[in-house]
Amino acid sequence: MQPCDTLLFAEIIVTQNESRSIIYNGGIAVSEGKILCIDAADVVRSQYTSKNTIELGSSLLMPGLINSHTHAAMTLLRGAADDLPLMDWLNNHIFPVEQNLTAEQVELGALLACAEMTRYGTTSFTDMYLIEDATYKAVDQSGLRVLGGEALFMFPSPAYKDFDAGIALVRELETKWQNNPRIRQAVMPHAVYTTTPEILTTCRDVAEELNLPIHIHLAETPTETAACVESFGKRPVEYAHSLGLLGKRTTVAHAVDLTDDEISLLAETGTVVAHNPESNMKLASGMAPIEKMLAKGVTVTLGTDGAASNNALNMFTEMASCAFLHKVQHIDPTVASAQTVLDMATRNGACSMGQSDIGALTVGNQADIIALDLTQPNMLPMHNPVSQLVYATCGAEVHMTMVAGEILYHDGRYTQIDYPALIESAKDVAKWVQKKIQKRS
């Protein structure tokens, strides 16, 4: 018998491996934060032993979900400015409040986001925001994984006085956090309408120099497209490509307003797309042509966007929204199948994060695992686990969240976050946000 750190046993395991295997009455052996064995329970029990054996009974184990695009600390602005078009929402409501944020407030908002994602089964996320160092501190405390980046603009932010200082901050944060196995950096110019050609080419060069990914909002609305054509003579995708931004290291968020030729360009360059269906619906930005993208070989992932434009960080509801939206978009029930959408939220998300050892439960991968309670009424009867996960699950069924073999949440209890204290802090910051909004109005 081989010793290991943890043994997990459950009624169903949805592996999301290459063959999308589902194991009934299965077990997982975990050692040093990674999956040592995954097989039928009898096989695992006969080969491994552990002082930490967790019998999960009527549960479903699966890879932790991957949120490929969000702004974690925007939990502070959840519900503060709703039912507005994108540019009005950004310029007249969000940006003015954000310019006054402190590091302490960003850390609080990010920690609240981490608590929400942990509770609803997200174990990794890609984050673009202001004072990103504060978000990294929250992630470090929470136990989640992040691919993060300071949002880079052509105007000052609460983190820097100008773009040169902003790009210097990117270098500083890379040096500070590069040895943390759960915190990785990307270069994140905000969008084409908040940058210049010089800024974007510098971002490209720094990403290549430091071997970092690139993440940018692109082609989010027809309004953005019109402004890009007026300012630079090109549509957003063509403009980004002309500056050398597209490629395998790059993820573009939204990609709603696309032509067929632009989709082909994304495919040819290997650019990844982070699809945000609920945010796009709420802001009435449009419907991304993900079926065309997938058909041409574009890797499409799934994100929530920030909690101010969604208004949740729940990847289970995001999966359902994605599937339903594109079925009705095409008047075709076969579009955006359950397996396709689950892949977007797991395996494809791993591609966007540039981390091949997450997104699937296989030997050697990180033990980023969530457990769902199969006794909940919406989980019964269980004919098809993948269908149930995408169409019936709301996230509240998650009763255990594990990252790198460490349990972060189990049966209502957070192990890394002081949640009662977080509740009180969130109430205090809500009063501050309201004062800022009232003062501006």
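Me: In this predicted model, rings of Phe, Tyr and Trp pair if their centres lie within 6.5 Å. How many aromatic pairs does this rule give?
Reply: The rule looks at ring centres, with the six-membered ring standing for Trp. Applied here, the count of aromatic pairs comes to eight.

Me: What is the geometry of the pair formed by Tyr-136 and Trp-177?
Reply: A ring pair is described by the distance of the centres and the angle of the planes. For Tyr-136 and Trp-177, the centres are 5.7 Å apart and the planes meet at 70°. Planes over 60 degrees apart count in one class. The pair is therefore edge-to-face.

Me: How many residues apart are Tyr-136 and Trp-177, and are they buried or exposed?
Reply: Tyr-136 sits in helix 4 (residues 132–142) and Trp-177 in helix 5 (residues 163–177). The pair links distant parts of the chain, 41 residues apart. As for exposure, Tyr-136 and Trp-177 are both buried.

Me: Which residues do ring pairs link into a cluster?
Reply: The cluster is held by ring pairs. Its members are Phe-95, Phe-153 and Phe-155.

Me: Which ring does Arg-45 lie over, and which does Arg-119 lie over?
Reply: Arg-45 is 3.7 Å from the ring centre of Phe-9, over its face. Arg-119 is placed over a ring face too, at 5.4 Å from the centre. The rings are Phe-9 for Arg-45 and Tyr-120 for Arg-119.

Me: Which residues touch the most other members of the largest nonpolar core?
Reply: This core holds 124 residues. Helix 3 (residues 103–119) gives the most to it, with nine residues. The residues that touch the most other members are Met-62, Trp-89, Met-293, Phe-316 and Met-319.

Me: How many residues does the second, separate core have?
Reply: Its members include Ala-10, Ile-35, Leu-361 and Ala-367. The second core has 17 residues.

Me: What does Phe-316 contact beyond its neighbours within four places in sequence?
Reply: Phe-316 is buried in helix 12. Its contacts include Met-62, Leu-65 and Tyr-120. Among the others are Ile-370, Leu-372, Leu-389, Val-390 and Val-398.

Me: Which side chain reaches the backbone nitrogen of Phe-316 at the start of helix 12?
Reply: The atom that reaches this nitrogen is a side-chain oxygen. It comes to within 2.9 Å. The side chain belongs to Asn-314.

Me: How far does helix 12 reach from its first C-alpha to its last?
Reply: Helix 12 has 16 residues. At 1.5 Å a residue, 22 Å is expected. The model comes close to that, at 23 Å.

Me: Which residue takes a positive phi just after helix 12?
Reply: Most residues other than glycine have a negative phi. Just after helix 12, phi is about 50° at one residue. That residue is Ile-331.

Me: Where does Ala-255 lie, and why does it count as buried?
Reply: Phi of Ala-255 is positive, near 45°. Ala-255 is in the loop between strand 14 (250–254) and helix 9 (260–269). Buried means under 20% relative accessible area. Ala-255 counts as buried because its relative accessibility is 1%.

Me: Which residues does the cis peptide bond with omega of about 10° join?
Reply: Most peptide bonds are trans. The second residue of this cis bond lies in the loop between strand 16 (300–302) and helix 12 (315–330). The bond joins Asn-310 and Asn-311.

Notes:
Residues numbered from 1 in each chain as written. Predicted model: local features only at pLDDT ≥ 70, side-chain atom pairs only at ≥ 80, totals over all residues. Heavy atoms only, no water. Phe/Tyr/Trp six-rings, centres within 6.5 Å; stacked < 30°, edge-to-face > 60°. Helix = DSSP H or I, 4+ residues; strand = E, 2+ residues; numbered from the N terminus. Buried < 20%, exposed > 50% of the residue type's maximum accessible area, 1.4 Å probe, protein only. Lys NZ or Arg CZ within 6 Å of the ring centre and 35° of its normal. Core = buried A, V, L, I, M, F, W, Y, C linked by side-chain atoms within 4.5 Å. Contact = heavy atoms within 4.5 Å. Expected span 1.5 Å × (residues − 1). Polar contact = N/O pair within 3.5 Å; in protein donor to acceptor, adjacent residues only side chain to side chain.
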